[in-house]
Amino acid sequence: MGRKILTEHINVPDIHTLAVYRKMGGYRSVEKALKTMTSEEVVEEVKKSGLRGRGGAGFPTGMKWSFLAKPEGKPRYLVCNADESEPGTFKDRVLMEKIPHALIEGMITSSYALGARTSYIYIRGELMFVLRILEKAIAEAYAAGFLGENILGSGYSLDLHVHPGGGAYICGEETALLESLEGKRGNPRNKPPFPAVQGLYACPTVVNNVESIASVPWIVNNTGEEYAKIGVGRSTGTKLISAGGHLNKPGVYEIELGLPVEEFLFSDEYCGGIWKGRQFKAVVAGGSSVPILPAHLFLKTAEGVPRVMTYESLSEGGFVSGTMLGSGGFIAMDDTTCIVRNTWNFARFYHHESCGQCSPCREGTGWMEKILHRIEHGHGHMHDIDLLVNVSKQIEGNTICPLGDAAAWPVASAVRHFREEFEWHVKHPGAATQPGAVYRGAEEAALV
Amino acid sequence: MAKITFDGIEVEIPDGTTILNAARKIGGDVVPPAMCYYTPLKGSGGKCRACLVKVTAGSAKDPRPMPKLVASCVTPVQDGMVVENTLSPQVLEARKGVVEMLLINHPLDCPVCDQAGECDLQNFSYEHGTSATRYEEDRRTFEKQDIGPLIQLHMNRCILCYRCVYTADQLTNKRVHGVLGRGDASEIGTYIENVIDNEFSGNVIDVCPVGALTDKTFRFKNRVWFTKPLDAHRDCPKCAGKVILWTRGSDVLRVTARKNEYGEVVDFICNECRFEKKEMNDWTVEGPRHIARASVISANHYELPVLNPQLIPDLPQSTVDELNNFPRPFIS
């Protein structure tokens, strides 16, 4: 049984209320930090913990905090990125919905560490019901003196606001999020300057994911060293994985980083294997923006080393034979999955969600979607497959924000690993467009 | 001051300068193209990705190369930076890709476009594009929008550089237009069929790098290379009043602001100067406008031969003086 940090009390009845949350030891970190620690000491603990951003990029949280520009008469802000919209990722909403005080406690402790007097939770507009839960919890925290003026008599004051976004995927990108929070169109900003220097209202700002912030109370309560003992190497602590797709037991799991992927996928404690006893075909390990991997390369690296659930192990082999842990949006696919259709579906999403600010992303995502649509619907040509790869290369790395990369990687990796399936679609336009038609390897290749 | 190496050429420039502006100090062919960056407009740049360059050494302190190509118009220089533009095949390949992307939805109708001859995209695609497109799908098209009697908006040609939006935002006090929609469905438009009418609205025409925003009072009257550009000025209470008159014979067909060598307006002008003063008498003509020889606008504008009076023996001094003082050809 893996150790639980974030979800330990998640099934306790009424844990969303302050009374029950307090009974389970909630808000201890606020008392400890505000009464016995300086803000620098809190930052130091987070640094020691080795906690890495749980939004997808995996940047060390403590280091990010230490980049925050020194106050020069300007306020500092902490913004919680709760705009979880990556296809396949649904972990943050569980935390916010079930145990909202964990996030609020993390926000208070983290804001204290950063010297922020006003903080924001930017939540995806579609999650209006979660917003209501958070608002209610925040009101409880204000009433109990954990928010507002002079918290617990420590002299530290904090205001916490929840801000619903309009439901655009791009607003999950930190600078677009800040633009949106300022009331503008959610377009990513050019970097530099980074938010740590010029963020919200041109003031030093830290943007952190829900899960990262919710991990801070445990670190403060139990010290960074203790947290760093969990996990493997530079992947410390626990991680929420939202497992979906063709699994016997889809759901949100908290795992200790370093868990063997085979155990995560097949053991009854976690996903319970591929549904209906079917064959495991492919996986998207960290949300739809990371490269897709065929089953054999997911379970073991190209060198035959069994993979474990860590940032490093999953990216072993780079984008040639590896992928990323990303946001932990785990999508398993069985052998009835049409990779071309799946890739088209992803491409459709990124085309729809591109903000349109920079040319390669604005035009390229649409182009890729149209090519994939053609191939999937039996109108493709062989040269389209190379064209697809070439267009993805023109987008990758050439855009303002990572949405371009997020659109390009799934397409490039799908063609890299499942090229024969794309070719089969081109060669068998009639068969490929049949409902449920899927390329199943050598047998069907022989039908050509 | 920072010392940087740009395409093998070393320059020293003030800290905080962008890579693009550093390249412009060198000038010539090494200057990266820019479609969305516009010096007088705060916040512009970084969008079209035409000016991507490779930074092979970040700075003297941290000489690691930058992992991705960077937009030179928004990236500040650092001491010891080494930048590759024309020397990097990766940059040229990326630029080819940007042209291809921009031309996906920009119709190649230069023969009927009013911007032909002074279009940044036309020049950009000529220098960096390919002869054929690989795009086979349908292009996006837009319904025509009426945004008033002075400016024609032709959204089909828009490359969404945002320049006009920044202009409207920073020059005028009654902004009614902006970007609507998202992705490749986004468009420049007015909110609920508004008319763009404020004293400096005409400047959006000058900043538009393509033919999306054109002057309704000039449309289809002439091709720019058949007109004669003259520098002129007038005493204007609203703006600097320094303009270019685009004339045919004694007719003033169009009035625009003056631009520098990178096609950027030096002084924005008011609508009165631009649209209402179309008589020669309204202006004090300073002389012919110098247009770069490389520009298509200089076609058919022949330069006078440069005479060297010394080679002609026994020429009267008065003739020598006359030849020396002959007005400089307006096309060099």
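The exercises below, each with a worked solution, concern chains A and B of a predicted model.

**Exercise 1.** Determine how compact chain B is by setting its radius of gyration beside the value that the globule rule gives.

*Solution.* Begin with the make-up of chain B, in which there are 7 helices and 13 strands. The radius of gyration of chain B is 22 Å, and this is close to the 20 Å that the globule rule gives for 332 residues, so chain B is as compact as a globular protein of that length. To complete the picture, the C-alpha trace of chain B spans about 65 × 55 × 40 Å along its principal axes, and 52% of the 332 residues count as buried.

**Exercise 2.** Work out whether strand 11 of chain A is enclosed or open, and examine its two faces in turn.

*Solution.* Take the count before the faces: 6 of the 6 residues of this strand, residues 329-334, are buried, so strand 11 of chain A is largely enclosed by the rest of the structure. Buried here means under 20% relative accessible area. On one side lie A:Gly329, A:Ile331 and A:Met333, on the other A:Phe330, A:Ala332 and A:Asp334, and with all of them buried both faces are covered.

**Exercise 3.** Find which strands are joined by bridges to strand 11 of chain A, and in which direction each runs relative to it.

*Solution.* Strand 7 of chain A (residues 238-245) is joined to strand 11 by 4 bridges, and the two run parallel. Strand 9 of chain A (residues 280-284) is also joined to strand 11 by 4 bridges, but this pair runs antiparallel. At the level of residues, A:Ala332 in strand 11 is the bridge partner of A:Gly245 and also of A:Val283.

Methods
Residues numbered from 1 in each chain as written. Chains lettered and ligands numbered in written order. Predicted model: local features only at pLDDT ≥ 70, side-chain atom pairs only at ≥ 80, totals over all residues. Heavy atoms only, no water. Rg over C-alpha atoms; globule rule 2.2 N^0.38 Å. Buried < 20%, exposed > 50% of the residue type's maximum accessible area, 1.4 Å probe, protein only. Pairing = 2+ DSSP bridges.
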